[in-house]
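Q: Please take a close look at one part of this model, namely its sheets, and explain how the strands are joined and what lies around them. I am new to the structure and should like one connected account.

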Amino acid sequence: MFKASIYQERRKRLQASVPGGLILLPGNNESPMNCADNVYRFRQDSSFLYYFGINQPGVAGVLDADSGEALLFAPEMTVEHVVWMGPQPGLSDLKTLSGTEQALPVEQLEELLKKARADGRTIHFLPPYRADRSLQLSRWLSTPVEALQPSEALIKAIVAQRSVKSAEEIAEIESALAITRQMHIQATKTAQPGMKEAQLAGMVEGIALATEGALAYPAILTVNGQTLHNHYHGNIMKEGDLVLCDFGAAAPRTDYASDITRTFPVSSTFTDRQKAIYQIVLDAEEQAIQAIKPGVPYKDIHLLAAKIITTGLTQLGLMKGDADTAVEAGAHALFFPHGLGHMMGLDVHDMEDLGEDYIGYTDDLKRSPQFGLKSLRLARALQPGFVLTVEPGIYFIPELIAQWKAEGQHAEFINYDKVEAYLDFGGIRIEDNVLVTEEGHRVLGPPIPKTIEEIEALRRG
């Protein structure tokens, strides 16, 4: 948690950006696994955490955009709570920690909202992403769930504010990255033929937990890297496999995210074929990072990475023709079917619960319907203070290759006969987290080995 003055300043900026009324920011409730007393690890709502800093369930905040007042609502703790949970902060403690004018019993929130509605005041709220939040809002606002209308003004104000990271936020992201570095290095050094993916996945999560942190998102650690969001860990690693590791720690006590991907061979060295594909991905990542600076649309950097990948695959004989024309047609998406990156902060995909197009696009810049490009989460012009991921990849997805070949898609750009020799290849992705600065950019966190030479040195021990 930061100093109370930081939350006070954040709230003042938000209140000044919203056109009157009440701003309702509920925190999250516990989420049961299979009964009310057996719950998943608690994760606070990020917008509530950003403006109030209180990391406990069952709380809510209300900001009065007219008077400037900030109210915190929380359960009153009893001895029974202490019996099961130990000593907990009381309302006066929460008031001090958050720097709010008042901290009130949560039971009073519904009455306050009822009075505001009776007075004809606007109540701004964000899109609910959990079922219990939808039901809660429905009850508080006397509105059917299907008729709830989130405030676009509030969404845009929060996106504008949270998109630009402060020095304190960047320090938290870098603290998460220091843990993530340990996780990736240990995974790269430890993997052996005959091990299950689950053994490595458990080890890297254990490193995050041992630092009093947690995973920022479920780990991707797989020999089937061609499946983009592969959370299965039941395969046995063997000689010749590539292991794609996409995971990051959340910073202890603040939950700021990190998001790093590395790919390494189960053998002590890459094969020549693996080296060739790996170097193309690394070139795309490094040149994309070098292109980052204020004012450059991230869509342009995505297309730059796509062109580098296309050029490299053409040199290997897997693609053909003019690279610019191939990228414009979308032929590269057979091998690179996702976006180059996304915003990052308190959420690993920062603020995407508010609506992905509010984060990565503008009223004038709309999402492309083209396969591959439509998955680009961040396309807008970059600004100082943005933190984003750069994560190009090359994947050989047998089912997608078979479908495109059968349909004759982009046959003028793809040598399908040669591509079919790579159906057992898997996938390679390399990812770093980058801050946009006034002058250009800075790669965040301590360096994590990623060149072929560095990876092979780790594998040899």
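A: Two strands are said to pair if DSSP finds at least two bridges between them. The model discussed here is a predicted one.

With that meaning of pairing, a sheet of three strands can be described. These strands form an open sheet in the order S9-S10-S12, with antiparallel pairing. Strand S9 (220-222) and strand S12 (260-265) stand at the edges and have a single partner strand each, so one side of each is left without a neighbour in the sheet. On average, and with direction ignored, neighbouring strands of this sheet are turned by 10° against each other. The pairing of strand S10 (residues 242-247) with S12 is antiparallel and runs over six bridges. One position shows this at the level of residues: the bridge partner of Asp246 in S12 is Thr261. Helix H9 packs on this sheet and touches S9, S10 and S12, and the direction of H9 makes about 150° with that of S9.

Helix H9 also leads to the largest pocket. Helix H9 (197-210) and strand S8 (214-215) each supply at least two residues of the lining of that pocket. The volume of the largest pocket is about 790 Å³. Its lining is made up of 28 residues, and those closest to the centre are Arg41, Arg43, Arg130, Ala216 and Tyr217. Divided by class, the lining holds 13 nonpolar, six polar and nine charged residues.

The model has another sheet, in which five strands are arranged. This open sheet has the order S6-S5-S4-S1-S7, and its pairing is mixed. Its edge strands are strand S6 (102-105) and strand S7 (123-124), each of which pairs on one side only. S1 and S7 pair in the parallel sense, over two bridges. Within that pair, His124 of S7 is the bridge partner of Ile23. Helix H1 (residues 4-17) packs on this sheet, touching S1, strand S4 (60-64) and strand S5 (70-74), and the direction of H1 makes about 55° with that of S4.

S1 deserves attention strand by strand and residue by residue. Its pairing with S4 is antiparallel and extends over five bridges. One of the bridge partners is Ala60 in S4, which is matched with Pro26. In a regular strand the side chains alternate between the two faces of the sheet. For S1, Leu22, Leu24 and Pro26 are buried on one side, and Ile23 and Leu25 are buried on the other, so that both faces are covered. S1 is accordingly described as mostly covered, with five of its five residues buried.

Enclosed space must also be considered. Rolling a probe the size of a water molecule over the atoms shows where empty space is left. The structure holds two cavities of 30 Å³ or more, and S1 contributes to the linings of both.

The largest cavity has a volume of about 60 Å³. S1 (residues 22-26) gives the most to its lining, with three residues. The residues that line this cavity are Leu24, Leu25, Pro26, Asp45, Ser47, Leu126, Pro127, Tyr129, Arg133 and Asp353. By class, six of the lining residues are nonpolar, one is polar and three are charged.

The second largest cavity encloses about 30 Å³ of space. Leu24, Pro26, Phe125, Leu126, Arg133 and Leu137 form its lining. S1 and helix H6 (131-141) each supply at least two of these residues. The lining comprises five nonpolar residues, no polar residue and one charged residue. Leu24, Pro26, Leu126 and Arg133 thus appear in the linings of both cavities.

A residue in a loop may be set beside the buried residues of S1. Leu316 lies in the loop between helix H11 (298-315) and helix H12 (323-329). Its relative accessibility is 33%, and therefore it counts as partly exposed, whereas the five residues of S1 are buried. Apart from neighbours within four places in sequence, Leu316 is in contact with Ala276, Ile277 and Ile280. Leu316 and Arg273 are 43 residues apart in sequence, while their C-alpha atoms are 9.7 Å apart in space.

Technical notes:
Residues are numbered from 1 along each chain as its sequence is written. This is a predicted model: local features need pLDDT of at least 70, side-chain atom pairs count only at pLDDT 80 or more; totals for chains, interfaces and linings use all residues. Side-chain values use heavy atoms; hydrogens and water are left out. On a 1 Å grid over the protein atoms alone, a cavity is a set of points where a 1.4 Å probe fits but cannot get out, and a pocket is an open set with protein on both sides within 12 Å along at least five of seven lines; lining residues have an atom within 4 Å of a point. Grid points are joined across faces, edges and corners, and a volume is the space filled by probe spheres set on the points. Helices (H or I, at least four residues) and strands (E, at least two) are DSSP runs, numbered from the N terminus. Ala, Val, Leu, Ile, Met, Phe, Trp, Tyr, Cys and Pro count as nonpolar, Asp, Glu, Lys and Arg as charged, and the others, Gly among them, as polar. Buried means under 20% relative accessible area, exposed over 50%, partly exposed in between (1.4 Å probe, protein chains only). Contact means heavy atoms within 4.5 Å. Axes are lines fitted to C-alpha atoms, for helices over the stretch in contact, and angles run from 0 to 180 degrees between N-to-C directions.
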